[in-house]
Amino acid sequence: MPVDAYDLTGRTAFVTGAASGIGRASAVLLARAGATVHCADRDAQGLDETATAIKDDGGTAHLHPLDVTDRARLKEAVEACGRLDIMAAVAGIMHTSTVLETRDEDLDRVLNVNFKGVLYACQEAAGSMIANGVPGSIVTMASGAIDTGGPGLLCYSAAKAAVVQLTKTLATETGPRGIRVNAVAPGWIRTPMTDRHDAAAQAHSEAAMIRRTPLGRVGEPGDIAHAVLYLASDASAFTTGQILRPNGGVAMPW
Ligand code: NAI
């Protein structure tokens, strides 16, 4: 095993949700490790900012403004990569409503982005890796909510639980071809998503989370980008079907 198992020189990565927060930090770090990074997001301006960060760092970025629920656009973008080694399916949205207040359209919207968007990315990536004989790595983005649920988190935690089952199922199906599939389930990470959520002053605010976190702080996007890099690289060569929980030690916060 080489010492620098994190070196991604010569590899191609595709990152969804790359215009902001965890996705942007992951795209920047994968590029810094040597990968050519394809960045996808529905926020074109945010994508430009990510590309600038990667280029200022000496890396290579290609941009795909798209909605991850548009399977045809996603397929086209993944095909444009040619040989694909790494997929990081990060794009997601937050939604809060109590079980009693949850409407069909809330559930559909969250499942479409947070589950189907990840499913399409996994299908296109695994299909490409199989067709090209690439022993690639797929990383999905779950959430600490898979363990805890939480007030108002029905749609979000149900979609993330589905991502976990997708991850485990796909890992068993692609393992024999050397393709690994793992999920990251972060705790509270300070990003535009949690800034918006915190402003709503829920029971699960940032201050409340810090009190319940053994490491005494919330996470930063870079904390999760390093987990993505680990799972994307040969450093995790014998790891598949797993859920990595970078969360500061939070167990059951409610
Ligand atoms: P963010 O809001 O900063 O970034 C999410 C990105 O996804 C944005 O650039 C947004 O434009 C993009 N996106 C959303 N829907 C899309 C769609 N339909 N098509 C294309 N792009 C779309 O949020 P953050 O915090 O960086 O979240 C990234 C992922 O990490 C999400 O899946 C989230 O659920 C997950 N996560 C975040 C945690 C946190 O505390 N921030 C904790 C656990 C999981």
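**View 1. Asp41 reaches the ligand through its side chain.** In this predicted model, an N or O atom in the side chain of Asp41 lies 2.6 Å from an oxygen atom of the ligand. With the protein around it, the ligand is well wrapped: 95% of the 830 Å² of accessible area that the ligand has on its own is covered by the protein.

**View 2. Tyr156 and Val68 also meet the ligand.** Look here for an N or O atom in the side chain of Tyr156, which is 2.5 Å from an oxygen atom of the ligand. Val68 takes part through its backbone instead: a polar backbone atom of Val68 sits 2.9 Å from a nitrogen atom of the ligand.

**View 3. The ligand occupies the largest pocket.** The space that the ligand takes up is the largest pocket. Three elements each give two or more residues to the shell around the ligand: helix H1 (21-32), helix H6 (154-174) and helix H7 (192-199). Of these, H7 gives the most, with four residues.

**View 4. Thirty residues surround the ligand.** Which of the 30 residues around the ligand come nearest? They are Ser20, Asp41, Tyr156, Ile189 and Thr191. Asp41 and Tyr156 will be familiar from the earlier views, where the side chain of Asp41 and the side chain of Tyr156 each approach an oxygen atom of the ligand. Sorted by class, the shell holds 16 nonpolar residues, eight polar ones and six charged ones.

**View 5. Stepping back to the whole protein chain.** To place the close-ups in context, follow the chain through its nine helices and seven strands. Its C-alpha trace spans about 45 × 40 × 40 Å along the principal axes. The protein chain has a radius of gyration of 17 Å, which agrees with the value near 18 Å that a compact globule of 254 residues would have.

How values were computed. Residues are numbered from 1 along each chain as its sequence is written. This is a predicted model: local features need pLDDT of at least 70, side-chain atom pairs count only at pLDDT 80 or more; totals for chains, interfaces and linings use all residues. Side-chain values use heavy atoms; hydrogens and water are left out. A residue is near a molecule or strand if one of its heavy atoms lies within 4 Å of it. A polar contact is a pair of N or O atoms within 3.5 Å; within protein, one must be able to donate a hydrogen and the other to accept it, and residues adjacent in sequence count only if both atoms are side-chain atoms. Accessible areas come from the Shrake-Rupley method with a 1.4 Å probe; for residues, only the protein chains shown count as cover. On a 1 Å grid over the protein atoms alone, a cavity is a set of points where a 1.4 Å probe fits but cannot get out, and a pocket is an open set with protein on both sides within 12 Å along at least five of seven lines; lining residues have an atom within 4 Å of a point. A molecule sits in a cavity or pocket if more than half of its atoms lie within 2 Å of its grid points. Ala, Val, Leu, Ile, Met, Phe, Trp, Tyr, Cys and Pro count as nonpolar, Asp, Glu, Lys and Arg as charged, and the others, Gly among them, as polar. The radius of gyration is taken over C-alpha atoms; the globule rule is 2.2 Å times the number of residues to the power 0.38.
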